[in-house]
Amino acid sequence: MLKDKFGRVHDYLRISLTERCNLRCTYCMPADGIELRPKSHFMTQHEVFAIASEFVRHGVKKIRLTGGEPLVRKDAREIIEALAGLPVELAITTNGILVDEFIDTFKTAGINAINVSLDSLQKAKFNQITRRDYFDRIIANINLLLHSGFHVKLNAVLIKGVNDDELIDFIELTKHQKLHYRFIEFMPFNGNSWNWEKGLSYKEIMTQIGARYGSRIERLADAKNDTAKNFRISDYKGTFAVITSVTNPFCDSCNRIRLTADGKLKNCLFSGTETDLLSAFRRGEYIEQLILDSIWDKKAQRGGLNSFDQFSNALYHNQNRAMVAIGG
Ligand code: SAM
Ligand code: SF4
């Protein structure tokens, strides 16, 4: 088992398939983009499978593919098909642009739940946030997923003066559709000009929702290791949740680890340090001990940023990567 010194067991691996993306979301991608590196710096399809298999041998039960945009990778289909052969629950987080080309692959791979980012229901605003023009295609693909029977979770990072005025519209989408909307507190990463004044806290989000729905808000049970606090408006078909990574972190029950597209193990989303599995793997070395040591050394909370002052200090989060290069 992948246990750390605090007794937390890690059985959920998020694999970034690429740092590339067909969107440029302002909260995720630095305005100048990120440094492009040669293909040889990144895991091949076979390396993804071999390294993922090592984690599965050590108790990983769930793998989520992410990025960057995982579906822009030319061999995304082959990677999904190969990973589907492992005894894990396979999931994916995508911006939705290419989803229509992958419906059959998801089905044969047994992927039932798909997370799609949707930060605005207004085309002009969505295109402004993502700095590209794919709104209609993404909406069509979300509908396709719903009609094809997938369990769809939509993600929105709430930012003041940008999309906080749409909170009630997002929730109204759950009235007739069986989807789950998740509101994510804006997190600091290298190059995303983070400033907590811009973010909406769990408290602010629930105050706005409370003012509108009052006693019709039902608190739902959270799943084990869930990072979200889950709710429903009574009689609505869908549900919603808040991911409180900033104001109310869930480090005590964290079971997540991340493998970046260039083969580095990050034992925490916020850790400034990484373990280079890919280079060791390419030298023909056993990567097992590297993995065990990295997990054991995981810090108690937020990669060792113990106070909110440290967490919000650019000096620290600029030692981390941009989110697009981590795999959220
Ligand atoms: N391209 C895919 C997508 O957009 O869903 C997968 C990768 S994206 C990095 C994964 C998730 O990270 C998205 O839901 C996105 O909203 C979230 N994310 C990116 N930057 C963030 C930030 N600064 N704070 C909070 N969430 C962020
Ligand atoms: Fe791309 Fe997803 Fe980041 Fe947006 S949030 S830039 S879609 S990786």
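User: Why is isoleucine 243 called buried?

Analyst: Isoleucine 243 has a relative accessible area of 7%. Buried means under 20%, exposed over 50% and partly exposed in between, with a 1.4 Å probe and protein chains only as cover, so isoleucine 243 lands in the buried class. It sits in strand β9, and its C-alpha atom is 9.6 Å from that of serine 201, 42 residues away along the chain.

User: What sort of model is this, and what is counted?

Analyst: It's a predicted model, where local features need pLDDT of at least 70 and side-chain atom pairs count only at pLDDT 80 or more, while totals for chains, interfaces and linings use all residues. Residues are numbered from 1 along each chain as its sequence is written, chains are lettered from A and ligands numbered from 1 in the order in which they are written, and side-chain values use heavy atoms, leaving out hydrogens and water.

User: How do you know that serine 16 is buried?

Analyst: Its relative accessibility is 1%, so serine 16 counts as buried. Serine 16 belongs to strand β1, residues 12–16; strands (E, at least two residues) and helices (H or I, at least four) are DSSP runs numbered from the N terminus.

User: What makes the link between serine 16 and threonine 18 a polar contact?

Analyst: The side chain of serine 16 comes to 3.3 Å from the backbone oxygen of threonine 18. A polar contact is a pair of N or O atoms within 3.5 Å; within protein, one must be able to donate a hydrogen and the other to accept it, and residues adjacent in sequence count only if both atoms are side-chain atoms. The 3.3 Å pair falls inside that limit.

User: Which contacts of that kind does ligand 1 have?

Analyst: Three can be named here. An oxygen atom of ligand 1 is 2.7 Å from a polar side-chain atom of serine 117, while a nitrogen atom is 3.2 Å from an N or O atom in the side chain of glutamate 69. Methionine 187 uses its backbone: one of its N or O atoms lies 2.9 Å from a nitrogen atom of ligand 1. The protein covers 95% of the 540 Å² of accessible area that ligand 1 has on its own, by the Shrake-Rupley method with a 1.4 Å probe.

User: What makes up the shell around ligand 1?

Analyst: Being near takes a heavy atom within 4 Å, and 20 residues surround ligand 1, with Tyr27, Gly68, Ser117, Met187 and Asn192 the closest. They divide into eight nonpolar, ten polar and two charged. Here Ala, Val, Leu, Ile, Met, Phe, Trp, Tyr, Cys and Pro are nonpolar, Asp, Glu, Lys and Arg charged, and the others, Gly among them, polar. Strands β3 (89–94), β5 (151–158) and β6 (180–185) each give at least two residues to that shell.

User: Which residues are around ligand 2?

Analyst: Cys21, Leu23, Cys25, Tyr27, Cys28, Gly68, Asn95 and Val324. By class, that's six nonpolar, two polar and no charged residues.

User: How do you know that the span of α5 agrees with its residue count?

Analyst: The expected span is 1.5 Å times one less than the number of residues. For the 13 residues of α5 (135–147) that should be 18 Å, and the end C-alpha atoms are 18 Å apart, so the two agree.

User: What puts the buried residues of α5 on one side or on several?

Analyst: The buried ones are Phe135, Ile138, Asn141, Ile142, Leu145 and Leu146. They cover an arc of only 140° around the axis, so they lie on the same side of α5; the arc uses directions from the helix axis to the C-beta atoms. An α-helix has 3.6 residues a turn, so residues three or four places apart point the same way.

User: Why is asparagine 143 called partly exposed?

Analyst: Asparagine 143, also in α5, has a relative accessible area of 30%, which puts it in the in-between class.

User: What makes the phi of aspartate 235 and arginine 302 notable?

Analyst: Both values are positive in residues other than glycine: about 75° for aspartate 235 and near 35° for arginine 302. Aspartate 235, in the loop between β8 (228–233) and β9 (239–243), is exposed at 76% relative accessibility. Arginine 302, in the loop between α9 (288–296) and α10 (308–311), is buried at 5%.
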